[in-house]
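The following note sets out points on the fold for a colleague's consideration. Please read it alongside the sequence and the model.

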Amino acid sequence: MNRRGLILSVLALGVAGFGGATWFATRPGPVAEAEPVAPELAEAMIRPYSPILGPAEAPVTIVEFFDPACEACRAFHPIVKDIMAEHGDAVRVVIRYTPFHGAASEEAIRVLEAARMQDVYVPVLEAVLREQPRWASHGAPAPGLILQIATTAGLDAEAARTQMLAPDVVAILNQDRADVETVGIRQTPTFFVNGKPLDPFGEAELRRLVAAEVAAAQS
């Protein structure tokens with residue numbers, strides 16, 4: 001091999017080596033496993049009164065800090081339902097109320113709690129989220145609009161007017177506000193899976209974290 005050929009060969013090897021090193025340095029690494037919340041925060045994650053969707057004894061618990069007036073919560077709702085359907089009895093969802101959108105959020109929460117008393121929580125939740133653009137866009141829904149929407153899903157509006165003002169509902173709102181502050185929730189939705197925070201946030205990440213916890217529970 002002449003001198004020019006030798007130099008070209010060395011340069012080619014160098015370029016190949018550089019490209020390989022660059023790929024190794026920038027290739028996606030494994031997702032780091034999230035650590036569960038500190039023990040002193042565990043009690044603030046779930047309360048005995050918290051609404052549960054799915055089997056009460058499921059080994060994997062998704063805690064969702066949720067605002068019914070939040071557009072992102074509405075967008076994630078079908079994703080969460082799909083995750084529950086995918087994993088069957090292995091997954092449950094615990095709802096924590098996070099009324100970041102003021103009066104509209106609080107009214108919707110009160111309606112949901114009345115629906116829970118009447119055993120129509122899930123259909124009313126679906127209706128409230130489906131019609132969210134009608135009542136949440138300006139932060140101050142027309143009086144009675146959310147209640148009217150809920151009646152289409154089977155809520156007894158007359159009974160609900162009294163139930164929405166019940167001391168238990170006020171206590172739930174106050175405790176959930178306190179827990180939101182304790183846990184440090186700043187946006188909705190915020191998810192925890194078996195106490196592990198979803199970080200980074202995203203649909204793929206939520207699906208991956210839930211699947212990992214289900215696999216661990218079943219192993």
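1. Burial is used here in a fixed sense: a residue is buried under 20% relative accessible area, exposed over 50% and partly exposed in between, with a 1.4 Å probe and protein chains only. On that basis, strand β4 is covered on both faces, with T190 and F192 buried on one side and F191 and V193 buried on the other. Over the chain of 219 residues, 43% are buried.

2. This is a predicted model, in which local features need pLDDT of at least 70 and side-chain atom pairs count only at pLDDT 80 or more, while totals for chains, interfaces and linings use all residues. Residues are numbered from 1 along each chain as its sequence is written, and side-chain values use heavy atoms, with hydrogens and water left out.

3. The chain has 10 helices and 5 strands; these are DSSP runs numbered from the N terminus, helices being H or I of at least four residues and strands E of at least two. Of the contacts (heavy atoms within 4.5 Å) with a separation of 6 or more, 79% are between residues 24 or more positions apart.

4. The strands form an open sheet of 5 with mixed pairing, in the order β1-β3-β2-β4-β5. β1 (52-53) and β5 (196-197) each have a single partner strand, so one side of each has no neighbour in the sheet. Two strands are taken as paired if DSSP finds at least two bridges between them.

5. Strands β2 (residues 60-66) and β3 (residues 91-97) run parallel and are joined by 7 bridges, V60 having V91 as its partner in β3. By contrast, β2 and β4 are antiparallel over 4 bridges, where V63 is partnered by F192 of β4. F192 also has P197 as its bridge partner in β5, and β4 and β5 run antiparallel with 2 bridges. In their hairpin, with 2 residues between the strands, N194 takes a positive phi near 50°.

6. Helix α9 (residues 167-183) lies across β2, β3 and β4 (190-193), at about 100° to β3. Axes are lines fitted to C-alpha atoms, for helices over the stretch in contact, and angles run from 0 to 180 degrees between N-to-C directions. Helix α10 (residues 203-218) also packs on the sheet, where α10 touches β2, β3, β4 and β5 and its direction makes about 20° with that of β4.
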